Amino acid sequence: MKIASWNVNSLNVRMPHLVQWLRDAQPDIVALQETKLDDERFPDSQLAELGYRSVFCGQKTYNGVAVLSRLPFTGECVTAIPGFEDPQKRVLAATVGDVRIVDLYVVNGEAVGSAKFEYKLRWFEAVREWLRAELAAHPNLVVLGDFNIAPDDRDVHDPKRWREKILCSTPERDALRSLQALGLHDSFRLFNEDGGHYSWWDYRLAAFQRGWGLRIDLVLVSDALKARTTAAGIDLVPRGWERPSDHTPVWVQID
DNA sequence: ATGGTGGCAGAGCCA
């Protein structure tokens, strides 16, 4: 089973890219972030024609998440962090077969020390406590999405320039480590220990062409799924297409 | 030190 994550930065704009990529990459499950669409406008019938069922939790202009699957969804769908008041649509949990999928669009945080940064850390802590319960109920857990955190300096094109900046700061990395301590493994690092592999490049300054990226899109797998994970990677091709998202898809193969 | 690009919406916010 191939499971992928992609921040599309507006599904309205990126629907042709998504359709092309579904054909090319043949994922079984895809988690999307930044759909920026009200639920009434989600293109579920068009995706159904391509063989994908969808669940979604959106809002216009900002945020919005969705999960697409070739196999039927089963069990409960969750569209908010339990007990955490938040008007922003950033989380979606769904079950496919024996695998629980949690799609996250983590708060960006703007700048270290800002009000949005504090919100990011509070939000992330609430997610961790939610996932503690999800993991207890669903040992086969995949937590994937736009984490807006580069796990360590190997995931940053220029660590000096990004030192203690947003997406790379110690409090953010500590929060991610605390989440992973529940028993969630960065699937990419099961197969590749090198630096220089990125999933996001700023639109400004031709960052993609210059290789100025960060690896902030992650697929975390639980202990039980780690044993079944056979490959993981980053698909750079869609980032090179005309009018791309600033993120490119990341994926994992689970047997 | 700042700005640069893109999406949404129709000016500024968010990333």
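In this predicted model, the surface near DNA strand B is a mixed bag by class, with five nonpolar, five polar and six charged residues. In total, 16 residues surround the strand, and S10, R14, K116, R204 and R243 are the closest. Helix α1, spanning residues 11-25, chips in with three residues, the largest share of this surface.

As for what the protein meets on the DNA side, it is mostly backbone: 70% of the atoms of DNA strand B within 4 Å of the protein belong to sugar or phosphate, with bases making up the rest. Two side chains show the phosphate part of this picture. T61 places a polar side-chain atom 3.2 Å from a phosphate oxygen of DNA strand B, and R90 has a polar side-chain atom 3.4 Å from a phosphate oxygen of the strand. The bases get some attention too: an N or O atom in the side chain of R204 sits 3.2 Å from a base oxygen of DNA strand B. R204 also turns up among the closest residues to the strand.

Turning to empty space in the protein, the largest pocket comes out at a volume of about 660 Å³. Its lining takes in 29 residues, and those nearest the pocket centre are Y105, N108, G109, E110 and N148. Two elements give two or more residues each to this lining, namely α3 (115-137) and α4 (159-162). Sorted by class, the pocket lining splits into 10 nonpolar, nine polar and 10 charged residues.

Technical notes:
Residues numbered from 1 in each chain as written. Chains lettered and ligands numbered in written order. Predicted model: local features only at pLDDT ≥ 70, side-chain atom pairs only at ≥ 80, totals over all residues. Heavy atoms only, no water. 1 Å grid on protein atoms, 1.4 Å probe; cavity = no way out; pocket = protein on both sides within 12 Å on 5 of 7 lines; lining within 4 Å. Points joined across faces, edges and corners; volume = space filled by probe spheres on them. Helix = DSSP H or I, 4+ residues; strand = E, 2+ residues; numbered from the N terminus. Nonpolar A, V, L, I, M, F, W, Y, C, P; charged D, E, K, R; others polar. Near = heavy atom within 4 Å. Polar contact = N/O pair within 3.5 Å; in protein donor to acceptor, adjacent residues only side chain to side chain.
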